[in-house]
Amino acid sequence: MSIHLAGVIGAALTAAVFAALLRRTNSEYAVVLRTAAGVLIVLEILQAVLPALREISGLLSSAGVGGEYSGILLRALGVVFLTQFAADACRDAEETALASKVELAGRVGILVLALPLFARVASIASALVKK
Amino acid sequence: MNVDLIFKIAAIGIIVAVLNQLLIRSGREEQAMMTTLAGLIVVLMMIIQQIDVLFRTIKSTFGL
């Protein structure tokens, strides 16, 4: 299933025009409208990317990379999607400080996800040094 | 793809803007404020459902 590109472009342009219309009178509706368009477009992207993700995890497992590692990779990708979406929504509402806080939260989340891998690399390195 | 949501939100925004202008012109600022608030709550309830769908999809896709 390919991505529904015309739908994405149409939704983005429609939302942009209506947001520009609503910005003059009541700007809070423009913020909600942009967030709604963002949700729709990210949902469309996710539906298109689902088969690709399945293919990639199949390739990784056939290449001998453990399911644990690809799971961590996919989870980090999910955290990135979510935090990018939320940070963009905040930045659209001209709340740059909130956007950077959300990005910081995403970075901390990915760091926590990846820490077991760091621990394993460190243990392998120390075992090599001892030899 | 559910583009109707964008049209719905834009329509509610335009209707609320018109009502706002009418109520302010007739000297009822409090009711204009209430109308804006009510419209905003309706729009937020609509968008919250979509955000819920997005979160569920991301959770199931990436195994969070």
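This passage describes the interface between chains A and B, helix α3 of chain A, and the salt bridges and aromatic pairs of a predicted model.

In the interface, 30 residues of chain B are in contact with 35 residues of chain A. About 2,800 Å² is buried between the two chains, and carbon and sulfur atoms account for 86% of this area. On the side of chain B that touches chain A, the elements giving two or more residues are α1 and α2 of chain B. The greatest contribution to that side comes from α2(B), with 15 residues. The count of residue pairs in polar contact between chain B and chain A is 2, taking pairs with both residues at pLDDT 80 or more. No salt bridge is found across this interface, the count being 0.

Two residues illustrate the contacts made across the interface by the α2 helices. In chain A, A37(A) lies in helix α2 and is buried, because its relative accessibility of 6% falls under the 20% limit. Apart from residues up to four places away in sequence, A37(A) touches A15(A) and I6(B). A separation of 9.5 Å is found between the C-alpha atoms of A37(A) and L13(A), which are 24 residues apart along the chain. In chain B, Q50(B) lies in helix α2 and is likewise buried, at 13% relative accessibility. Beyond its neighbours within four places in sequence, Q50(B) is in contact with V39(A), L40(A) and L43(A) of chain A, and with N2(B) and L5(B) of chain B. The C-alpha atoms of Q50(B) and S26(B), also 24 residues apart along the chain, are separated by 37 Å.

Over all chains, 2 aromatic pairs are counted. One of them, formed by F18(A) and F7(B), is edge-to-face, with 6.1 Å between ring centres and 85° between the planes. The pair joins two chains, because F18(A) belongs to helix α1 (residues 5–25) of chain A and F7(B) to helix α1 (residues 4–25) of chain B. F7(B) is partly exposed, at 41% relative accessibility.

Helix α3 of chain A spans residues 67–92, a run of 26 residues. The distance from its first C-alpha to its last is 37 Å, close to the expected 38 Å. Buried residues of α3(A) include S70(A), I72(A), V79(A), F85(A) and C90(A). Their cover includes α2 (27–62) and α4 (96–130) of chain A, together with α2 (29–62) of chain B. Just after α3(A), E94(A) has a positive phi of about 60°.

The whole structure contains 3 salt bridges over all chains. Within α3 of chain A, the side chains of D88(A) and R91(A) form a salt bridge at 3.6 Å, N to O. These two residues are separated by about one helical turn, because they are 3 residues apart in the helix. Both are partly exposed, D88(A) at 33% and R91(A) at 36%. R91(A) also forms a salt bridge with E103(A), at 3.0 Å, N to O. This pair links distant parts of the chain, with R91(A) in helix α3 and E103(A) in helix α4 of chain A, 12 residues apart. E103(A) is partly exposed, at 23% relative accessibility. D88(A), R91(A) and E103(A) are thus linked in a network of salt bridges.

In chain B, a salt bridge joins the side chains of R56(B) and D52(B) at 3.1 Å, N to O. Here the residues are 4 apart in helix α2 of chain B, so about one helical turn separates them. R56(B) is exposed, at 54% relative accessible area, whereas D52(B) is partly exposed, at 35%.

Conventions
Residues numbered from 1 in each chain as written. Chains lettered and ligands numbered in written order. Predicted model: local features only at pLDDT ≥ 70, side-chain atom pairs only at ≥ 80, totals over all residues. Heavy atoms only, no water. Phe/Tyr/Trp six-rings, centres within 6.5 Å; stacked < 30°, edge-to-face > 60°. Buried < 20%, exposed > 50% of the residue type's maximum accessible area, 1.4 Å probe, protein only. Expected span 1.5 Å × (residues − 1). Contact = heavy atoms within 4.5 Å. Buried area = accessible area lost by both parts, 1.4 Å probe. Salt bridge = Lys/Arg side-chain N within 4 Å of Asp/Glu carboxyl O. Polar contact = N/O pair within 3.5 Å; in protein donor to acceptor, adjacent residues only side chain to side chain.
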